[in-house]
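User: I'd like a close look at one part of this model, please. Could you walk me through its aromatic rings?

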Amino acid sequence: MTSIIPIIAVANQKGGVGKTAVTLGLASAASAAGLRTLVIDMDPQGNSTSGLGVVDTELNINDVLYADQTGVALDAVTPTLWPGVSVVPANLSLAQRDADQQLGAEMRLRKALDSPDLSARFDLVLIDCQPSVGKLVSNALIASTGVLIVTEPSIDASAGVANILNTIDTVREHYNPDLEVLGIVLNKVPPRSREADYRATELSDVLGDQLWEPVIPLRTVLAESRGARAPIHSYGSRATDLIAIFDAFLGRISSKG
Ligand SMILES: Nc1ncnc2c1ncn2[C@@H]1O[C@H](COP(=O)(O)OP(=O)(O)O)[C@@H](O)[C@H]1O
Ligand SMILES: [Mg+2]
C-alpha cells in the first residue's frame, strides 16, 4: 500500500497525556481548514468517538479488525457532529483484538485501509492510539505514514518517550520502513511551574529538535470542549492560543504524505 494522504498515529503508552486531546485538536483544525478528515479510534475507551459526538454505530473498529479484509475500514466510516470529520468508532469490544495471536494480526489495520476510496474520500487520517505498546498500537504504527508522540512534563516522560521510540524502531525495522517520527508534542504544560520547566528542559535536552514548538498549555477549555463534544475551533476568543497551536501543528503534518 502506498498512501498518498498522510496517515498519522498519535501515540504514547502512557494514558492521560493528551493523545485524544491532540487527535481531536488536529481534527478540529482540519475541519476548520476544510480538509476531509477520518479519525480512527484505536482505543477501547472510545474517547475520540465520544468526543466527536458519536454514540452507537452499526460497525466499529473491532468489526473492521476482526473481518481482516482489504479495504473494509471504509465500511465502518461514520459521520460525526464536526463538519468534514468522520470516524471509524471504537468501544470496549476492541479490547478483544489485543489477544489476537494469528500470524499477521498486527497487519490488519493497514490491510483494512488499503483501498483507493481512502484517498478519494479523505485528505487526512488521524489514528488515536491506546495507551500501551500492544498489538493495537502495532496495528496503528504499521498502518501509518507518520507518528506524533504526545507527552506531558512529568518525571517519567523521557523514559516513556524512549519506550515508544523503541517500539517505533522495531516497527520500522520489520514492517513499515517508511514510518516517519514527526515529532514529540509536550502537552498540559502548567503556567510558571518550576517542576514543569525543569522537565521540559530535560526533555528538550534528550530529544532536541524532535520536540515541537510551541508546547500545549494546560487549559480547562480543552477539557470543557471534550465534554461538550465540540471542536476547540468553535470556542473562538476563549481558545485563541490553542487554535493557533493546532493550526500550526496541522500545517506541519499535512505537508507529509
Ligand atoms: N492541555 C490540556 N489542558 C487541560 N486538560 C487537558 C489537556 N490535554 C488533555 N486534557 C484533559 O486530560 C484528560 C486526559 O487527556 P486525554 O487526551 O484523554 O489523554 P490520553 O488520550 O493520552 O489518555 C482529559 O480529560 C482531557 O480533557
Ligand atoms: Mg485517549
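Which residues do ring pairs link into a cluster?

Analyst: Happy to! This is a predicted model, so local features are taken at pLDDT of at least 70 and side-chain atom pairs at pLDDT 80 or more, while totals for chains, interfaces and linings use all residues. Residues count from 1 along each chain as its sequence is written, chains are lettered from A and ligands numbered from 1 in the order written, and side-chain values use heavy atoms, leaving out hydrogens and water.

The cluster that ring pairs join is made of W212, F246 and F249. Across the whole structure, the search turns up 2 aromatic pairs (Phe, Tyr or six-membered Trp rings with centres within 6.5 Å). In one of them, F246 and F249 have ring centres 6.3 Å apart and planes at 90 degrees, so this pair is edge-to-face (over 60 degrees; under 30 is stacked, the rest tilted).

Where do these two phenylalanines sit along the chain? F246 and F249 both belong to helix α10, which spans residues 240-254 (helices are DSSP runs of H or I, at least four residues, numbered from the N terminus). Because they are 3 residues apart there, about one helical turn separates F246 from F249.

And are they buried or exposed? F246 has a relative accessible area of 1%, so it is buried (under 20%; exposed is over 50%, partly exposed in between, with a 1.4 Å probe and protein chains only). F249 is buried too, with a relative accessible area of 1%.

To put the picture together, F246 and F249 meet edge-to-face, and ring pairs tie them and W212 into a cluster.
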